[in-house]
Amino acid sequence: MGEIDMEVSLPPQKSIPVPPPLPCPPAQSCSRNPRALMDNSPLMGVGSISAATQNLLDSLFDEGFKADVKITTDGGGLIYAHTNVLSLASAVMKEILRRSKKQGRWRFLAIRGVPPDAVRVFVRFLYSSRYERDEMVEFVLHLLVLSHSYMVPQLKRKCEWQIEKGLLNLENVTDVFQLALLCDAPRLSLICIRMIKRNFEDVSATEGWKVMKQSHPILEKELLDIVMKDDNWQKERVRRRDERKVYSQLFEAMEALVHICRDGCGTIGPRDRTFKCHQPPCSFEACRGLELLLRHFASCKLRASGGCLHCRRTWQLLELHSRLCADPFSCGVPLCRNLKEKMKKHTKKDEVRWKMLVRNIMRTKGINWAHVLQPESFTS
């Protein structure tokens, strides 16, 4: 037999057909965006199972083929199911079915306290991990309780997500909050508390709040304490913000005071400085007010007797500057050195008050106040 020639000649480049597109992964058979899935389809489920498989599982539940469990509900309702499916989906159901007495080929499971349709939606989810949108909206609170009671975390997370994203409102927030506490849903309870705090007057007027007030007065008291603490915290936050604003304005006033007395601004400044007719605009916003205050201080007749409010403020600003000034000997602000010496005669109470004011001003501006103050300011 002759030798086989393995060399194959390739066709021209233009004759090679375009390869077909790659197949879509199974995980992409369902929309990755749960919100888009909820908006576009009335039947929702997980994307890790193909639609054909989910339809097959739904058919198994709907037809009850070779079912061996009878689930009884309120009103005499009866749902057929399979032991293997329920046992794999819920460890709680597995233990209940294991302990139940078998009558012929049937085992019995009773689910009471919720509407029969809610039980049917719950059991259907155990089969195919799917639910209809309208049924979720109607029975979301019942499904939350069932998923917690029978330990179905996947359904529990979906119920919490649905409540958080659109089903929570002022009318049901009190009921949802109580269920969140009972079902160990900390994120959902926190969201409810935030809504109650923001809309306390409206929520406290709802029927759900009135029922909670009668059935769970301790829980109502805890919510009132939370609302009061939040209100006090908001007031304290506003107070601290206003204080920081005042401290920041005082620091800017000290900078403007040094600027006026050292460089001159407008018509006030050092005596040995001649000002030009047209000066550029001042960058210190506090200069205008300080100029008026210093001009009044220089000509006020009540200054000596201490009966002028504006003059007292000027004295306080000058003393505050002297406590912030690091070099009183070369400072151009009037009375800076004299006020430094006067600090030694202050009472201990006044000295503590001034130190706290200086400390707060420095902290507001992010400055280490211990390096700014002179040693004389710490003497009593």
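Let's start at the loop between α6 and α7, where M151 sits. This is a predicted model. Phi of M151 is near 55 degrees, so positive, and the residue is not glycine. Most residues other than glycine have a negative phi. Is M151 buried or exposed? It counts as exposed, because its relative accessibility is 53% and the cut-off for exposed is over 50%.

There is a second positive phi to show you. K66 lies in the loop between α2 (51–63) and β2 (69–72). Phi of K66 is also near 55 degrees. K66 is exposed too, with a relative accessible area of 66%.

Next, helix α9. It runs over residues 186–198, which is 13 residues. What span should we expect? At 1.5 Å a residue, α9 should span 18 Å. The end C-alpha atoms are 19 Å apart, so the two values agree. Which residues of α9 are buried? They are L188, S189, I191, C192, I193, M195 and I196. What covers them? The cover includes α6 (133–149), α7 (153–167) and α8 (173–182) on the list, along with α10 (200–204), α11 (207–215) and α12 (217–262). So α6 and α7, the helices flanking the M151 loop, are part of that cover.

Last, cavities. How many of 30 Å³ or more turn up in the whole structure? The search finds 1. Its space is about 40 Å³. The lining is L257, L290, L293, L294, T314, L317 and L318. Two elements give two or more residues each: α13 (287–299) and α14 (309–324). By class, that lining has 6 nonpolar residues, 1 polar and no charged ones.

How values were computed:
Residues numbered from 1 in each chain as written. Predicted model: local features only at pLDDT ≥ 70, side-chain atom pairs only at ≥ 80, totals over all residues. Heavy atoms only, no water. Helix = DSSP H or I, 4+ residues; strand = E, 2+ residues; numbered from the N terminus. Expected span 1.5 Å × (residues − 1). Buried < 20%, exposed > 50% of the residue type's maximum accessible area, 1.4 Å probe, protein only. Contact = heavy atoms within 4.5 Å. 1 Å grid on protein atoms, 1.4 Å probe; cavity = no way out; pocket = protein on both sides within 12 Å on 5 of 7 lines; lining within 4 Å. Points joined across faces, edges and corners; volume = space filled by probe spheres on them. Nonpolar A, V, L, I, M, F, W, Y, C, P; charged D, E, K, R; others polar.
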